[in-house]
Amino acid sequence: MPDISQTQQNHLFRAMPADVRERVFPQLELVRMPLGHVLYESGSMLRHVYFPTDCIISLLYVMENGASAEIAIVGNEGMVGIALFMGGETTPNRAVVQSAGLAFRLEDSYLKAEFARSGFFQNILLRYTQALLTQMSQTAVCNRHHSIEQQLSRWLLLSLDRLTSNKLNMTQELIANMLGVRREGVTDAAGKLQAQGLIRYSRGRITVLDRPGLEAACCECYVVVKREFDRLLPDTSWNKNRLN
Amino acid sequence: MSDQKSPQHNALLGALRGEERTHLFAQLEAVPLTLGQILCEAGEPFTHAYFPVEGIVSILYVMENAASAEIAVVGNEGMIGVALFMGGQSTLSRSIVQNAGYAYRMSGQHIQQAFNRGGRFQTLLLHFVHALITQMVQTAACNRHHSVDQQLCRWLLMSLDRLPSNQLRMTQKLIGNMLGIESKGVTAAAFVLEKAGLITFDNGHITVVDRAGLEARSCECYNVVKKECDRLIQSAASDGGPGPN
């Protein structure tokens, strides 16, 4: 049985009623999630779902020519591996660790058994999936309509919400892969945010200096997604213990 | 609407069997889909779920400045109103009829009850949502990485798959709204495709002349989505999922 207080770091677990905890928690396994670790490759069969406690997983779409674009990020507000209960068993995305940490994982058979009970577990996973879908569609629109600087701000804020400090370890190249833009574009955008005193950038480490300023520099996409998560998952107290 | 096709022509409804089918079909109501009709506005709760039999519904994301971008299209392979069973009742997008036709609709309450009974219907709906997510994701990537004429090819092919003929009635402005680009960008791309002998373009009518050529010209995105959508719906239809226990 895992440490209960540690499971509570994941907001979906925090909302689970006692009977679900009793059945599911003994099957959880705490695993390390090192930076760059690939949880799923596009098209591969999923065996586990992952519930992050303090890491961030990036869901990336990988094109045939190897170019990528991030479609969503998942941290302690959610879980990775919806294909296992939505159906299809595989997913056309790659899931990769963007910020190192820990996650609980659950084997597919236990997941499916609990999901099939059509109770709270199913209900909250579906609501989470709907919120994830909102994040993905907002990303599609943001890719189309907003400047790289705005997109970088959105991405920093989404990441920050899922971390316990205001520092991110990230090279510009990694950010460029996530956003699906050229590295020079990221350098340029980061330079602008730094010149405005919103972030400090040095040697692969970004420190957010002025979070309200970053929110003001961002397009609507960050707030819209956050509000929708709050609306769909009011019982997970997501964001209640965030910075600021 | 006496000559309309039966609900079976919708892939999700058509995959139902036996008692489940009899029960659900009794709750359906045939309704016309008229061009430009808004089935559900962004932020407002869905009153009904719609299962198109003919026609195309576009799921449009609308920004605060009213700029829009299409995130998915749904025809007789799917349904509109996933928030009714996924949760939340409303979404941030607008569902608008892009090509007229008709659909069967079911009240929000009925679809929730049917979903909660489990069985093949639940499996089908979940597989469809997963296919829809695939389409949205591919759209996000396509918006980022591909040229406007590739995107136009993808969009024409996806529309064509959901229509009975090779003709689309569409203004450049409307296509621009769908793709989230300016109409002169659409005009330029349509001109490129016309010059290549793939389509003809005249007074808001696009006729696809060379479908194979259009597929060759399109980015991978069309095929990836089609393959995944077919795979997901067929697997749900054939095994029926965990069964109605």
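**Briefing: chains A and B**

In this predicted model, 37 residues of chain B are in contact with 35 residues of chain A. Helix H5 (119-145) of chain B gives the largest share of chain B's side, 15 residues. Chain A itself is assigned two domains, domain 1 (4-116) and domain 2 (143-226).

**Chain B's side of the interface**

- Four elements of chain B give two or more residues each to the side that touches chain A.
- One is a strand, E4 (68-74) of chain B.
- The others are helices of chain B: H3 (83-86), H5 (119-145) and H10 (221-239).
- By class, this side of chain B has 19 nonpolar and 14 polar residues, with four charged residues besides.

**Chain A as a whole**

- Chain A has eleven helices and ten strands.
- Its radius of gyration is 18 Å, close to the 18 Å that the globule rule gives for 244 residues, so chain A is as compact as a globular protein of that length.
- Along the principal axes, the C-alpha atoms of chain A fill a box of roughly 50 × 40 × 30 Å.
- Of the 244 residues of chain A, 51% count as buried.
- Take the contacts in chain A between residues at least 6 apart in sequence: 75% of them join residues at least 24 apart.

**Domains of chain A**

- The C-alpha centres of domain 1 and domain 2 of chain A lie 24 Å apart.
- Twelve residues of domain 1 of chain A are in contact with ten residues of domain 2 of chain A.
- On the domain 1 side, strands E4 (56-62) and E5 (68-74) of chain A each supply at least two residues.
- Strand E5 of chain A gives the largest share of that side, four residues.
- By class, the domain 1 side has four nonpolar, five polar and three charged residues.

**Helix H7 of chain B**

- Helix H7 of chain B covers residues 172-179.
- B:Ile175, B:Asn177, B:Met178 and B:Leu179 are buried in this helix.
- The buried residues of H7 of chain B pack against two strands of chain B, E3 (48-62) and E4.
- They also pack against two helices of chain B, H6 (148-161) and H8 (183-195).
- Strand E4 of chain B thus has two roles in this account: a partner of the buried residues of H7, and a contributor to the side that touches chain A.
- Just after H7 of chain B, B:Gly180 takes a positive phi of about 75°.

Technical notes
Residues are numbered from 1 along each chain as its sequence is written. Chains are lettered from A and ligands numbered from 1 in the order in which they are written. This is a predicted model: local features need pLDDT of at least 70, side-chain atom pairs count only at pLDDT 80 or more; totals for chains, interfaces and linings use all residues. Domain bounds come from an automatic or database domain assignment. Two residues are in contact if their C-beta atoms, placed from the backbone, lie within 7 Å. Ala, Val, Leu, Ile, Met, Phe, Trp, Tyr, Cys and Pro count as nonpolar, Asp, Glu, Lys and Arg as charged, and the others, Gly among them, as polar. A residue is buried if 20 or more other C-beta atoms lie within 10 Å of its own, exposed if 12 or fewer, and partly exposed in between; C-beta atoms are placed from the backbone. The radius of gyration is taken over C-alpha atoms; the globule rule is 2.2 Å times the number of residues to the power 0.38.
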